[in-house]
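Student: I should like to examine this structure step by step, beginning with its overall form. May we look at it together?

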Amino acid sequence: MSEQIFSASRPLQAPSQQQAQQLSIAGKGLVHSLGDYNALCRAYDNGDTCPAQSDLPKVDTAALADFLPKNVLRRIPRYARMGLLAAQRALDDSGLELKRENIGLVIGTAHAGVQMSMDFMDSILDGTPRLSSPTSFSHAVNNMGAGLLSLYLGLRAPCHTVTQFTLSFAGALQTASTILHAGRAEYVLVGAIDEQDPRFVRTCPQDLLPPQNSPYAHLPLTEGAVFFLVGKANAKEAESTNAGENAPVQISQVWQNKNSSPYAQNVLQHPFGMHASLYGITPMAQALDVLIALHNMKNTQTTHVISCADAHYASLSCIQLGI
Amino acid sequence: MSPFAHNAVAVTGMGCVCAAGSNSKSVWESLVHGTSARSSALILHPDAMDYPFFAAPDSAFAKGRLYSAADTLQLALFAAENAVHEAALSSEDTASMGIVMGTTAGSALHFLQGYAEKRAEEQTAQTETTTANTENTGDNTLQSGFAASPEDAAAYFCSNIALVAAQKFKTSGVALTVANACTSGADAIGLGADMIRQGQCDVVLCGGADALSLVPHTGFARLMIYSNEACRPFDAHRQGLNLGEGAGMIVLESIAHAKARNAKILGYVAGYGASADAHHFTAPHPEARGLHAAVQSALNNAALNEQDIALINAHGTATRENDKVEGNYFTRHFPHVPVWASKGVTGHTLGAAGALEAIFCLLALQHGTAPRSFGFSEPSEDAALLTPTTDMTALHARSAQNGQGHIYALSTSLGFGGGNAALILANNGEGK
C-alpha cells in the first residue's frame with residue numbers, strides 16, 4: 001500500500017461495514033487558478049510550484065458560455081460559476097448519458113460564497129440595514145451553490161451542502177456515499193468549491209494564512225472547484241485489473257476520526273495539503289490531492305490514502321483510493 | 001422482518017429549545033396553548049429592522065447572547081446535551097456516536113462586528129495618509145454605529161456545530177455540519193437515519209440549530225418576506241413569515257441496539273425523502289414537483305402509502321408562495337389528513353425548523369393529539385382552501401394494513417435554493 005508523504009504505521013482502524021460503502025469515480029472536473037485537470041497534471045509532472053500571488057491568473061470560467069447564455073451567466077456569482085463549470089466537466093468526463101433527475105449533488109465548502117457574504121456586510125456598513133443588498137444576501141446563503149448548480153444542471157435528486165472548513169470535502173464524500181447506498185440517487189456529483197476574497201483575509205489573517213515562520217508562508221491563496229461524478233462501486237469494477245486513465249477507481253474508506261496516533265500527529269503538522277506547493281493555500285486541498293492521486297494511479301494499481309486535518313478541532317479525515 | 005422493523009430507526013433522546021420553551025414538556029404546553037412570545041428585533045441590534053421574531057429563552061445561552069456564530073453553537077449544545085442525557089447512552093456508545101447537525105446562520109460569515117473593525121482601521125489609515133479632515137472617534141465605531149469586536153471573526157472559526165459537539169462528547173465517529181437552508185434540520189435527521197440503516201454507526205446524534213443575529217435577520221428582512229405582525233400560516237390574509245431561533249436534537253439508534261440496552265424508545269423515524277426542485281432559486285415549484293418527490297420517497301422508505309398518514313406538520317411559513325404550494329399539494333394528495341402549522345408559535349427557525357418540527361410530531365404522536373395551528377383563521381383560495389388544525393385534533397392509526405400499532409406523522413420542509421425534505425415519524429406503539 002502506498003501512502004503519500006505520511007508513511008509509517010497504518011493510519012486508522014477501518015470501521016466495519018466499509019466494504020458496503022465503496023464508491024466508483026466515473027468522471028472528474030477541475031476549475032482552479034492553475035487551470036483545468038490536464039493543466040494540474042502537467043504542472044505536477046513538471047514539478048512546478050505555484051506562482052506568486054501577484055502572478056496568479058484569475059480563475060477562468062469563460063467556457064460556461066458554451067452551456068449558458070450571457071444574460072444568465074451575468075447573474076451567477078463567481079463561486080457558483082466555478083462550481084458549475086467543474087461539475088459540467090465531471091459530467092462530460094464521464095461520457096455517460098444520464099437522466100439529470102437521478103443525479104444528486106453534495107458540495108463541501110469551507111466558507112461558501114465569500115464574495116457575496118462580504119458584499120452583503122459592506123452593504124450594511126456602507127449605509128444602514130434598511131439599504132443593504134437583498135441580492136447579495138440571497139447569494140451569500142451557504143447552499144447558494146447547491147441551489148444554482150441544481151437549477152442550471154437540472155439535478156433533482158437530493159442536494160446537500162457540507163460546511164466544516166478543511167474537512168468539508170471528506171464530509172461531502174461521506175454524505176454522497178450515504179445517499180447512494182440508500183438508493184436516493186443513481187449518481188452523485190460531489191465536490192469542493194472555495195473562493196478567496198481579500199476583505200475576508202484581511203479580517204482574519206491568523207485563521208486563513210500560514211504562520212510567518214511556516215514552510216507554507218510564501219504560498220499564495222488560491223480558489224476553484226473540484227467535482228467528481230460518483231456511483232456505487234459494483235463487483236465487476238472491483239475485479240477489474242484495468243488501471244488505465246478512465247478505469248473506475250474506488251473510494252473505499254471515508255471517515256473522520258479523532259486520533260492521537262503518530263500518523264494523526266504527523267498529518268496535523270501538515271495542515272495545508274499534500275501538494276500545497278503546487279496548488280497553493282486553499283481549504284479544498286484534500287479534493288485536489290485526490291485528483292493528483294488519480295493522475296498517479298492511471299498506470300499503476302496502487303492504493304492511496306489522502307488525509308486532511310483540522311488542527312483547531314483536532315480532527316482528521318481520510319479517503320482511501322484504490323482497492 | 002416487517003418493513004417497519006427493517007427501515008424504522010428508534011428515537012431514544014430528544015432535546016429542544018425555541019421561543020416555545022426549553023424542554024419537551026414546556027414546548028408542548030406552549031404549542032397546545034399558543035403561549036410563546038414574540039420579541040423585537042431590536043434586541044439583536046439597535047439598528048435592526050424592527051420586525052417581530054421568536055427569540056429563544058435566555059437560559060439556553062449559557063454564556064449569554066454573544067451576537068456571533070457562537071450563539072447558534074450555544075443553542076445546539078443546549079439541545080444536544082438534553083437529548084444525549086435522555087438517551088442515557090453508555091460511554092462506549094457515546095464515544096462512537098455519529099453526529100449530523102444542520103444550520104443556516106451558524107455556518108455563515110456573519111462576523112459583522114469583526115469586519116467593521118477592520119474596515120474602520122483601514123479607513124482611518126487612509127484618512128491619516130491623505131490628511132483629510134475626518135473625525136476619528138477613537139472608539140472603533142463607524143458612522144453606522146457598529147461597535148467592533150475582534151473576537152467576532154474568531155468565533156466563526158470556533159463554532160462549527162457538529163465539530164464542536166464531537167469535541168464536547170469526545171466522539172470518534174463521523175461529524176457532519178449540513179447547511180441546506182430551511183431543510184437542514186430535517187436533512188440532518190434523514191442522513192442520520194440512513195447512516196444507522198447502513199450500519200455506519202450504532203448511534204447518531206442529529207438535528208438542527210440556528211440563532212439569529214443582525215446579518216441573517218437583515219438579509220431576510222430585505223427579501224421582503226417578513227410580516228410585521230404575527231404570522232398567519234395558510235391564512236387568506238397572510239403577509240409573510242416571522243423568523244425564530246432554536247435547536248432540536250434527537251438521538252437515533254437501530255431498534256435492535258435500543259432494545260439490546262433496554263433503552264426507552266420515544267418514537268421512530270420511519271422514513272425520509274429529499275429532492276431538489278431545479279426550478280427557481282428562491283420560489284418553490286408551483287406544482288410541488290420536488291415536494292411530491294420528497295414525500296413519495298419518504299413513503300417508499302417507510303413502506304407506507306398516503307392513506308397511512310394520520311397527521312401532517314407543514315413547513316407553513318406564512319409566505320404567499322410557500323403556503324400556496326403546500327396548501328394545494330396537501331389538498332390534492334392528503335385530503336382527509338389534519339394539517340398542523342406550528343410556526344405561529346415558534347416562528348421560522350431556519351436550520352432548526354425541520355428538526356424541531358420532527359420533535360413536535362413525535363410529541364403529538366406521544367399525546368395522541370395535534371394542537372391548533374395558531375395564526376390561522378380564514379382559509380385562502382390560493383392555498384386550495386386548506387384548513388389547518390383549528391382545535392386539538394385526536395390522532396388515530398389510519399390504515400387497516402398497519403398491523404404494528406403505529407400512528408404516522410409526515411413533516412415537510414422546503415428550503416431556499418429549491419430543496420425539499422420529508423420525514424415520517426411514528427409513535428412507539430406502546431400507547432405513549
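Student: What radius of gyration does chain B have, and why does it agree with a compact globule?

Tutor: This is a predicted model, and its values are computed. For 432 residues, a compact globule would have a radius of gyration near 22 Å. The value for chain B agrees with that expectation, because chain B has 22 Å.

Student: What percentage of the residues of chain B count as buried?

Tutor: A residue counts as buried when its relative accessible area is under 20%. Applied to the 432 residues of chain B, this gives a buried share of 65%.

Student: Which secondary-structure elements does chain B contain, and how many strands are there?

Tutor: Chain B has both helices and strands. The helices number 14, and the strands number 15.

Student: Among contacts in chain B between residues at least 6 apart in sequence, what percentage join residues at least 24 apart?

Tutor: A contact here requires heavy atoms within 4.5 Å. Taking the contacts in chain B between residues at least 6 apart in sequence, the share that joins residues at least 24 apart is 77%.

Student: How many residues of chain B are in contact with chain A, and which three supply more of the area that chain B buries than any other three?

Tutor: On the side of chain B, 72 residues are in contact with 64 residues of chain A. The two chains bury about 5,700 Å² between them, with 60% of it on carbon and sulfur atoms. Of the area that chain B buries against chain A, 13% comes from three residues, more than from any other three: B:Tyr115, B:Phe157 and B:Phe281.

Definitions and conventions: Residues are numbered from 1 along each chain as its sequence is written. Chains are lettered from A and ligands numbered from 1 in the order in which they are written. This is a predicted model: local features need pLDDT of at least 70, side-chain atom pairs count only at pLDDT 80 or more; totals for chains, interfaces and linings use all residues. Side-chain values use heavy atoms; hydrogens and water are left out. Helices (H or I, at least four residues) and strands (E, at least two) are DSSP runs, numbered from the N terminus. The radius of gyration is taken over C-alpha atoms; the globule rule is 2.2 Å times the number of residues to the power 0.38. Buried means under 20% relative accessible area, exposed over 50%, partly exposed in between (1.4 Å probe, protein chains only). Buried area is the accessible area (1.4 Å probe) that two parts lose on being put together, summed over both.
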